Amino acid sequence: MNATAHILDGTALAKKLKDELKKEVARLKETFGGVPHLVNVMVGSDPGSCAYANSQKKTAEYIGIKYELKILSGDTTQAKLISVIKELDSDSGVHGIMIHKPVPDQIDYRAVANYVAPSKDLEGINVTNIGKMMLGQTRIIPCTPAAVMELIRSTGVKLRGKEAVVVGHSEIVGKPLSLLLLAQDATVTVCHLATSQAGRLVEHVGSADVLVVAVGKAGLIKGDWIKEGAIVIDVGINKVGSGITGDIEFEKAGRRASFITPVPGGVGPVTVVMLMRNGIEAFKVQQEAKR
Ligand code: NAD
């Protein structure tokens, strides 16, 4: 590795955050006599999803949270999935619910996601929480954008007045992240496929003091596009041979950036911890509502 940038070690940050949450769960147990109980509802059981669920389970166990993986058969209908969600919603012993993605073709994820009660919405994907996030009124934030914000925060660099460029405008990463960056008074530009097709991607990337890329195309962002001294966060996950890589040319970008995340070991480990943090926030909201 010839990079001169400081490597933003997601695994180390995740460990620090997990230790903080572990202490918080111990305090909650003392105060409320219980711990958050989270349920991940998975339709079908593809190996990638199971591996991710396994890492959630390990993280929850470490923190002291109860985590349950509920696997439904791959041919589960949308109506059946909705009835499972409604049952979990009405179970006062369950504090957080997520629907594992991807879901099979017979399920409209967005339609089902809105059946998760806003107070139990582990991933912050219910329309109510998305709306509240725009107004800065929710403690439950989509996990990957929240992880990106934690990584940026760990640099100590303040976002106010900085040019922040997000590449990728998905519902789960790019769009919510742009709101979080805006809430910190960054000047935010969101790029996507049409930006590339218009030949404008290089110019936007080159203006970024803070660059976050969430596309899913290995090597899309060339190292020599990066502004000197930029903070560079790579959300992309691409299978290359037997390993995974991000969307940014890591070695070359690292010679220009001030901070850069590796893939793997950057955003991914922090994302899992953010899911747990949402579970703790959901638990607290529900306990406070009882008082
Ligand atoms: P998506 O697949 O829903 O959308 C891709 C986005 O990239 C769109 O906005 C599209 O317009 C844009 N895009 C496509 N080609 C482009 C191009 N040539 N130039 C510029 N923009 C282009 O996105 P997603 O679900 O947010 O996933 C993006 C990547 O992030 C994937 O690799 C995914 O695996 C990864 N991801 C990682 C985590 C994590 O926690 N580490 C979480 C979620 C997603």
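Which polar side-chain atom lies 2.6 Å from a nitrogen atom of the ligand? Keep that question in mind as you look through these close-ups of a predicted model.

**View 1. Polar contacts bring Ser-196, Thr-144 and His-192 together with the ligand.** The answer to the opening question is one in Ser-196, whose polar side-chain atom lies 2.6 Å from a ligand nitrogen. Thr-144 also uses its side chain: an N or O atom there is 3.3 Å from an oxygen atom of the ligand. His-192 takes part through its backbone instead, with an N or O atom 3.5 Å from a nitrogen atom of the ligand. On its own the ligand would expose 860 Å², and the protein buries 75% of that area.

**View 2. The ligand sits in the largest pocket.** Around the ligand there are 21 residues, of which His-169, Ser-170, Ser-196, Lys-217 and Ile-237 come nearest. Sorted by class, this shell holds 10 nonpolar, 10 polar and 1 charged residues. Two helices, α8 (193-197) and α11 (267-290), each supply at least two of the shell residues. Helix α11 gives the most, with 3 residues.

**View 3. Six strands form an open sheet with parallel pairing.** Follow the strands across in the order β1-β11-β8-β7-β5-β6. At the edges you will find β1 (6-7) and β6 (187-191), each of which pairs on one side only. Inside the sheet, have a look at β5 (residues 163-167) and β7 (residues 210-213), which pair in the parallel sense over 4 bridges. Here Val-167 stands opposite Val-213 in β7.

**View 4. Two cis peptide bonds lead into prolines, Pro-102 and Pro-264.** Most peptide bonds are trans, so these spots deserve a second look. One cis bond joins Lys-101 and Pro-102, with omega about 0°. Pro-102 belongs to the loop between β4 (96-99) and α4 (109-113). Another cis bond joins Val-263 and Pro-264, again with omega about 0°. Pro-264 lies in the loop between β11 (259-260) and α11, and α11 is the helix that gives the most residues to the shell around the ligand.

**View 5. Asp-185 has a positive phi.** Most residues other than glycine have a negative phi. In Asp-185, however, phi is near 65°. You can find Asp-185 in the loop between α7 (174-183) and β6, and β6 is one of the edge strands of the sheet in View 3.

How values were computed
Residues are numbered from 1 along each chain as its sequence is written. This is a predicted model: local features need pLDDT of at least 70, side-chain atom pairs count only at pLDDT 80 or more; totals for chains, interfaces and linings use all residues. Side-chain values use heavy atoms; hydrogens and water are left out. A residue is near a molecule or strand if one of its heavy atoms lies within 4 Å of it. A polar contact is a pair of N or O atoms within 3.5 Å; within protein, one must be able to donate a hydrogen and the other to accept it, and residues adjacent in sequence count only if both atoms are side-chain atoms. Accessible areas come from the Shrake-Rupley method with a 1.4 Å probe; for residues, only the protein chains shown count as cover. On a 1 Å grid over the protein atoms alone, a cavity is a set of points where a 1.4 Å probe fits but cannot get out, and a pocket is an open set with protein on both sides within 12 Å along at least five of seven lines; lining residues have an atom within 4 Å of a point. A molecule sits in a cavity or pocket if more than half of its atoms lie within 2 Å of its grid points. Ala, Val, Leu, Ile, Met, Phe, Trp, Tyr, Cys and Pro count as nonpolar, Asp, Glu, Lys and Arg as charged, and the others, Gly among them, as polar. Two strands pair if DSSP finds at least two bridges between them.
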